[in-house]
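Subject: Structure for you to look at, with notes

Dear colleague,

I am handing over the structure below, and my notes on it follow. Please read them with the model open beside you.

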Amino acid sequence: MADSLALHDYFKKIQRALDTADFAFLNFRIVKKSKIDDLLVCTLALLPESFKKAMKKRFKLDTFPSVSCYNRLSKIIKKPFVLSNDYYIVSYSEANTMLKSIRQNLDRDIRELEENG
């Protein structure tokens, strides 16, 4: 349960990093690469092994939504910014949608993955 609380906290920190981006233009946020990478590494370290195994498999979105959304989120967030290698350019609305879905479904999906092995 403590890992679940920590995971939710890190997803909130990712949200905060996007909200306080270095530069915002329309629907895009430009965020320091090191900040996002540190947060993603921390979330990945806290995820249970069953979740990590599920990330490698292809599931329908409705089977384990948090797994699919986490995979999509890591692709959305890690788009390099053309003008500088130190920044990522992030589609803000897409990332928000993925973060919201992850937070809503994470506990249920982890519980199901742990039970089903």
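Two strands are said to pair here if DSSP finds at least two bridges between them. In that sense S2 and S3 are paired, since five bridges join these two strands, which run antiparallel. Please keep in mind throughout that this is a predicted model.

**The sheet**

The sheet is an open one of three strands, in the order S1-S2-S3, and its pairing is antiparallel. S1 and strand S3 (87–91) are the edge strands, each of them pairing on one side only. Neighbouring strands of this sheet are turned against each other by 25° on average, with direction ignored. Helix H5, which covers residues 92–116, packs on the sheet and touches S2 and S3, and its direction makes about 75° with that of S3.

As for the individual pairs, S1 and S2 are joined in the antiparallel sense over three bridges. Ala24 has Arg29 in S2 as its bridge partner, and Phe25 has Phe28 in S2 as its bridge partner. On the S2 to S3 side, Ile30 stands opposite Ile89 in S3.

**The turn between S1 and S2**

S1 and S2 form a hairpin with two residues between them. Leu26 lies in the loop that runs between strand S1 (23–25) and strand S2 (28–32), and phi of Leu26 is near 55°, a positive value in a residue other than glycine. For context, most residues other than glycine have a negative phi, which is the reason I would ask you to look at this turn with some care.

Is Leu26 buried or exposed? Leu26 has a relative accessible area of 73% and is therefore exposed, the cut-off for that class being over 50%. Together with Phe23 and Phe25, Leu26 forms a nonpolar patch on the surface, and the accessible area of these three residues together is about 380 Å².

**A buried threonine in H2**

Thr43 is found in helix H2, which spans residues 33–46. With a relative accessible area of 0%, Thr43 is buried, because that class takes in everything under 20%. Which residues are in contact with Thr43, once its neighbours within four places in sequence are left aside? They are Leu7, Tyr10, Phe11, Ile14 and Tyr70.

**Salt bridges**

Side chains of opposite charge can pair when their charged atoms come close. A search of the whole structure finds five salt bridges, and I describe some of them here.

In H5, the side chains of Asp109 and Arg108 meet in a salt bridge with an N to O distance of 3.2 Å. Arg108 also forms a salt bridge with Glu112, where the closest N and O atoms are 3.2 Å apart. Arg108, Asp109 and Glu112 are thus linked in a network of salt bridges. Arg108 and Glu112 are four residues apart in helix H5, so about one helical turn separates them. The three members of the network are not alike in their exposure to the surroundings: Asp109 is buried, with a relative accessible area of 0%, whereas Arg108 is partly exposed at 31% and Glu112 is partly exposed at 28%.

A further salt bridge joins Glu49 to Lys52, and the closest N and O atoms of this pair are 3.6 Å apart. Glu49 and Lys52 both lie in helix H3 (residues 49–56), where they are three residues apart, about one turn of the helix. Lys52 is partly exposed, with a relative accessible area of 23%.

**Lys56 in H3**

Helix H3 also holds Lys56, which counts as exposed at 76% relative accessibility. How far apart in space are Lys56 and Asn71, which are 15 residues apart in sequence? From C-alpha to C-alpha, the distance between Lys56 and Asn71 is 9.1 Å.

With best wishes

Terms used: Residues are numbered from 1 along each chain as its sequence is written. This is a predicted model: local features need pLDDT of at least 70, side-chain atom pairs count only at pLDDT 80 or more; totals for chains, interfaces and linings use all residues. Side-chain values use heavy atoms; hydrogens and water are left out. Patches are made of residues with over 30% relative accessible area and no salt bridge: like charges are joined within 9 Å, nonpolar side chains (Val, Leu, Ile, Met, Phe, Trp, Tyr) within 5 Å. Accessible areas come from the Shrake-Rupley method with a 1.4 Å probe; for residues, only the protein chains shown count as cover. A salt bridge is a side-chain nitrogen of Lys or Arg within 4 Å of a carboxyl oxygen of Asp or Glu. Buried means under 20% relative accessible area, exposed over 50%, partly exposed in between (1.4 Å probe, protein chains only). Axes are lines fitted to C-alpha atoms, for helices over the stretch in contact, and angles run from 0 to 180 degrees between N-to-C directions. Contact means heavy atoms within 4.5 Å.
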